Amino acid sequence: PRFKHILIHLETLLFNSSIMGSNASNVSYGPPVVMGGEDIMSKKAYGTSSIPIQQNLRWGCDSKLANRICNFNRHYAEHSGYWTQDSKFLREESSDSGEITF
C-alpha cells in the first residue's frame with residue numbers, strides 16, 4: 001500500500017513535469033478556462049494584485065488566509081476541510097438557501 005501510494009505520487013509528478021515543461025505554453029483546456037502568460041502572476045502593488053482583498057468576507061472566512069491565497073500564492077489554497085470546519089458556510093447555508101452564486 002505505501003509503495004503504491006509513493007508510485008502514484010511519482011507518476012503524478014512525472015505527468016505534471018511533462019505538461020509543465022518546455023511545452024507549457026502549448027497546453028490548452030476547453031471553455032471556460034482562459035490561459036494566460038506568466039505576467040498575470042508578476043509582482044504588482046500588492047502581491048500578484050494591484051489591491052488587497054476586502055476585509056469583511058462572507059461566512060466568517062479568514063481575510064488574512066484569503067489574502068495569502070489570492071495575492072501571495074502560486075501553488076495551493078486553504079487546507080483540506082477549511083470550508084466545512086473553519087468557516088460558517090455549513091451553519092449558515094442549507095438547501096433552503098437556494099442557489100448560491102460565487
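## Aromatic pairs

Two aromatic pairs turn up in this predicted model. The rings of Phe, Tyr and Trp (its six-membered ring) pair if their centres lie within 6.5 Å; planes under 30 degrees apart count as stacked, over 60 as edge-to-face and the rest as tilted. In one pair, Tyr 46 and Phe 72 meet edge-to-face, with 5.4 Å from centre to centre and 70 degrees between the planes. Tyr 46 sits in the loop between α1 (2-20) and α2 (63-71), and Phe 72 in the loop between α2 and α3 (82-85), so this pair ties together parts that are 26 residues apart in sequence. Tyr 46 is partly exposed, at 29% relative accessible area, and Phe 72 is partly exposed too, at 47%. Here buried means under 20% relative accessible area, exposed over 50%, and partly exposed in between (1.4 Å probe, protein chains only).

The other pair joins Trp 59 and Phe 89, again edge-to-face: 4.8 Å separates the centres and 85 degrees lies between the planes. Because Trp 59 belongs to the loop between α1 and α2 while Phe 89 belongs to helix α4, the pair ties together parts that are 30 residues apart in sequence. Trp 59 is buried, with a relative accessible area of 11%, and Phe 89 is buried as well, at 18%.

## A salt bridge at Glu 93

The structure holds one salt bridge, a term for a side-chain nitrogen of Lys or Arg within 4 Å of a carboxyl oxygen of Asp or Glu. The partners are Arg 58 and Glu 93, whose closest N and O atoms are 3.5 Å apart. This pair links distant parts of the chain, 35 residues apart: Arg 58 lies in the loop between α1 and α2, and Glu 93 in the segment after α4. Arg 58 is partly exposed, with 48% relative accessibility, whereas Glu 93 is buried at 16%.

Glu 93 has further neighbours to look at. Leaving aside residues up to four places away in sequence, Glu 93 touches Arg 58, Trp 59 and Ile 100; contact means heavy atoms within 4.5 Å. Trp 59 is also a member of the aromatic pair with Phe 89. In addition, the side chains of Glu 93 and Ser 97 are joined by a polar contact of 2.8 Å. A polar contact is a pair of N or O atoms within 3.5 Å; within protein, one must be able to donate a hydrogen and the other to accept it, and residues adjacent in sequence count only if both atoms are side-chain atoms.

## Helix α2 and Asn 71

At the start of α2, a side-chain oxygen of Asp 62 comes to within 2.9 Å of the backbone nitrogen of Lys 64. The buried residues of α2 are Ser 63, Leu 65, Ala 66, Asn 67, Ile 69 and Asn 71, and these residues pack against α3.

Asn 71, found in helix α2, is worth a visit of its own. Asn 71 counts as buried, with 4% relative accessibility. Its side chain makes a polar contact of 2.8 Å with the side chain of Asn 67. Not counting residues up to four places away in sequence, Asn 71 touches Tyr 46, Gly 47, Thr 48, Ser 49, Ile 51, Pro 52 and Ile 53. Tyr 46 appears here again, having formed the aromatic pair with Phe 72.

## Cysteines

How many disulfides does a search of the whole structure find? The search finds zero, where a disulfide is a pair of cysteine sulfur atoms within 2.5 Å. Cys 61 is partly exposed, with a relative accessible area of 26%, and Cys 70 is partly exposed at 48%.

## The chain as a whole

The protein chain has four helices and zero strands, and its elements run α-α-α-α from the N terminus on. Helices (H or I, at least four residues) and strands (E, at least two) are DSSP runs, numbered from the N terminus. Of the 102 residues, 16% count as buried. Among contacts between residues at least 6 apart in sequence, 30% join residues at least 24 apart.

The protein chain exposes about 8,800 Å², with carbon and sulfur atoms supplying 58% of it. Accessible areas come from the Shrake-Rupley method with a 1.4 Å probe; for residues, only the protein chains shown count as cover.

## Reading the model

Residues are numbered from 1 along each chain as its sequence is written, and side-chain values use heavy atoms, leaving out hydrogens and water. As this is a predicted model, local features need pLDDT of at least 70 and side-chain atom pairs count only at pLDDT 80 or more, while totals for chains, interfaces and linings use all residues.
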